[in-house]
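User: Hey, I've got a structure to look at for class and could use some company. Mind if I throw questions at you?
Analyst: Go ahead, let's pull it up.

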Amino acid sequence: MKKGILICLLVVCFVAVIMGIIFRVILRDFSVEFEVVERIASPDGSYTAVAFLADGGATTSTSPQVSIVFGKDDFRKQTNKVFIGDRSDFIDIEWIDRKKLVIKHRVCEEDIFLQVIKKNKIDIAYVSVED
């Protein structure tokens, strides 16, 4: 009898954890606010680099992020992120030429979650700047 109750409790806990994960994944983009800092087209207009800050609310820190999208597409519709940091509200972008983008940030190395160095034949350089 006790073994059956223990198994039942474990199954209920497992299902609750799985449901929590699914709920968080489905609703994560609805609870995040995006503030576009810069939106700069490449010199030939093929791509647009979008630097933005993502804020998930009171329990999360500000996340500086950069996406590269085709032409003037909406950055939220695509998953073309090339930089994701945490715990900073500074992000700056600059096209050097049509195939080179420089991303300047104030994110500690341990708080960088994504840092792509090449995307769609675009070379991406990163510069960590001081406060």
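User: How many bridges are there between strand S4 and S7, and in which sense do they pair?
Analyst: Two bridges, and the pairing is antiparallel; S4 covers residues 81-84. Keep in mind that this is a predicted model.

User: Which residue is the bridge partner of Phe-83 in S7?
Analyst: That's Gln-115.

User: OK, and what order do the strands of that open sheet come in?
Analyst: The order is S1-S2-S3-S4-S7, five strands with antiparallel pairing. At the edges sit S1 (33-41) and S7 (114-115), each pairing on one side only.

User: Which strands make up the open sheet of four?
Analyst: S5, S6, S9 and S8, in that order, and here the pairing is mixed. Its edge strands are S5 (91-97) and S8 (118-119).

User: How many bridges join S5 to S6?
Analyst: Six, with the two strands running antiparallel. Ile-93, for instance, stands opposite Ile-103 in S6.

User: New topic: how many aromatic pairs are there?
Analyst: The count comes to three. One of them is Phe-34 with Phe-52, an edge-to-face pair with 5.4 Å centre to centre and 70° between the planes. Phe-34 is in strand S1 and Phe-52 in strand S2, 18 residues apart, so the pair links distant parts of the chain.

User: Is Phe-52 buried or exposed?
Analyst: Buried, because its relative accessibility is 0%. Phe-34 is partly exposed, at 25%.

User: Why is the pair of Tyr-47 and Phe-70 called tilted?
Analyst: Because their planes are at 40°, and tilted is the name for angles that are neither under 30 degrees nor over 60. The ring centres are 5.4 Å apart. Tyr-47 is in strand S2 and Phe-70 in strand S3, 23 residues apart.

User: And Asn-80, where does that one lie?
Analyst: In the loop between strand S3 and S4. Asn-80 has 13% relative accessibility, so it counts as buried, since the cut-off is under 20%. Leaving aside residues up to four places away in sequence, Asn-80 touches several others, including Val-66, Phe-70 and Lys-119.

User: Last one: which residues form the nonpolar patch on the surface?
Analyst: Ile-7, Val-11, Phe-14 and Val-15, with about 380 Å² of accessible area together. Val-11 belongs to helix H1, residues 2-27, and is partly exposed at 47% relative accessible area.

Terms used: Residues are numbered from 1 along each chain as its sequence is written. This is a predicted model: local features need pLDDT of at least 70, side-chain atom pairs count only at pLDDT 80 or more; totals for chains, interfaces and linings use all residues. Side-chain values use heavy atoms; hydrogens and water are left out. Two strands pair if DSSP finds at least two bridges between them. Patches are made of residues with over 30% relative accessible area and no salt bridge: like charges are joined within 9 Å, nonpolar side chains (Val, Leu, Ile, Met, Phe, Trp, Tyr) within 5 Å. Accessible areas come from the Shrake-Rupley method with a 1.4 Å probe; for residues, only the protein chains shown count as cover. A salt bridge is a side-chain nitrogen of Lys or Arg within 4 Å of a carboxyl oxygen of Asp or Glu. Buried means under 20% relative accessible area, exposed over 50%, partly exposed in between (1.4 Å probe, protein chains only). Contact means heavy atoms within 4.5 Å. Rings of Phe, Tyr and Trp (its six-membered ring) pair if their centres lie within 6.5 Å; planes under 30 degrees apart count as stacked, over 60 as edge-to-face and the rest as tilted.
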